[in-house]
Amino acid sequence: MKLYEFAPTRSIRARWILQELGVDFESMTVNLAAGEHRLPEFLKMNPCGKLPVLVDDDLVLTESVAIVLYLAEKYPHKGLIPTDIQQRSQVYRWLLFTATELEQPLWRIARHTMLYPQHLRLPAEVSLARQDFIDMAAVMEEHMQGCQFIVGNTVTIADFVCAYTLDWANEIQLLEGCPHLLQYMERMYARSSAPLRIAEALASING
Ligand SMILES: N[C@@H](CCC(=O)N[C@@H](CS)C(=O)NCC(=O)O)C(=O)O
């Protein structure tokens, strides 16, 4: 298997599952800072020009959450996705909640603070997105009270995807009102299989 990745990005989600599964994989760095994701060879794999991409034999898979689901289903004996259909539906729920309700506000903030050209950035979008995140994080904060994992009593893929997303939020001081989420995220990153935190990954590419 090959993972096309760049350290401080959503490719952390895929790397985390691969490390947790203990699966051998080849890391293919695509340097976003150098624009390698816009080269024709990369665009043939992912026409969106985004990371991560997982290649497994003749499967070329994009979308971090799809990659995570694929890996958990490929190695069912590792138990990262429940076999019980109701428990599994809760994993789907929290994966989608994370990708739509938590990550999207974070992405809007990133676009309007760093990614869009200066003249297109809207400060009001940043304030709105921060509040959208805070409102949805409060729901998860409540859910996590007294819980070690998001679904049931064992770790699932929902935990890895969510912990990475909470680390992203923490980078921009959005977890200050969520002590349970902060503790949970730090507990997840204390696992021996955990990847670099975003700040560490950023430091690794900046030398
Ligand atoms: N929904 C996609 C989003 C992927 C994405 O936006 N990746 C970013 C890095 S975190 C990227 O490659 N950005 C390059 C660009 O947008 O030009 C996923 O979860 O895989």
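**Note on the predicted model**

1. In the hairpin formed by β3 and β4, two residues lie between the strands, and Asp57 takes a positive phi near 55° there. Asp57 is not a glycine, yet its phi is positive, at about 55°. The residue sits in the loop between β3 and β4. The model is a predicted one, and this backbone angle should be read as part of that prediction.

2. The two strands of this hairpin, β3 and β4, run antiparallel and are joined by four bridges. Two of the facing residues can be named from each strand. Val55 has Val60 as its bridge partner in β4, and Val53 stands opposite Thr62 in β4.

3. On which strands does the sheet end? The edge strands are β2 (26-29) and β4 (59-62), each of which pairs on one side only. The sheet is open, has four strands in the order β2-β1-β3-β4, and shows mixed pairing. From one strand to the next, the twist averages 20°.

4. The mixed pairing can be followed strand by strand. Strand β1 (residues 2-5) pairs with strand β3 (residues 53-56) in the antiparallel sense, over three bridges. With β2, in contrast, β1 runs parallel, and four bridges join the two. As general background, the strands of a sheet pair through backbone hydrogen bonds, either parallel or antiparallel.

5. Tyr4 is a useful residue for tracing the sheet by eye. Its bridge partner in β3 is Val53, while in β2 Tyr4 stands opposite Met28. Val53 in turn stands opposite Thr62 in β4. Lys2 can be followed in a similar way: its bridge partner in β3 is Val55, and the partner of Val55 in β4 is Val60.

6. Where does α1 pack? Helix α1 packs on the sheet and touches β1 and β3, and its direction makes about 150° with that of β1. Together, β1, α1 and β2 make a right-handed β-α-β unit.

7. The peptide bond from Leu51 to Pro52 deserves a look: it is cis, with omega near 5°. Pro52 is placed in the loop between α2 (40-45) and β3. Leu51 and Pro52 are also both among the residues around the ligand.

8. The residues around the ligand are Thr9, Arg10, Leu32, His37, Gly49, Lys50, Leu51, Pro52, Glu63, Ser64 and Val65. How does this shell divide by class? The shell around the ligand has four nonpolar, four polar and three charged residues.

9. The protein chain is divided into domain 1 (2-78) and domain 2 (85-189). The centres of the two domains, taken over C-alpha atoms, are separated by 21 Å. How many residues of each domain are in contact with the other? Nine residues of domain 1 are in contact with six residues of domain 2.

10. On the side of domain 1 that touches domain 2, α1 (11-21) and α3 (64-74) each supply at least two residues. Helix α1 gives the most to this side, with five residues. By class, the side of domain 1 that touches domain 2 has seven nonpolar, no polar and two charged residues. Helix α1 thus appears in two settings: it packs on the sheet, touching β1 and β3, and it supplies residues to the side of domain 1 that touches domain 2.

Methods
Residues numbered from 1 in each chain as written. Predicted model: local features only at pLDDT ≥ 70, side-chain atom pairs only at ≥ 80, totals over all residues. Domains from an automatic or database assignment. Contact = placed C-beta atoms within 7 Å. Nonpolar A, V, L, I, M, F, W, Y, C, P; charged D, E, K, R; others polar. Near = placed C-beta within 6 Å. Pairing = 2+ DSSP bridges. Axes fitted to C-alpha atoms, helices over the stretch in contact; angles between N-to-C directions. Right-handed = clockwise from strand over helix to strand, strands pointing away.
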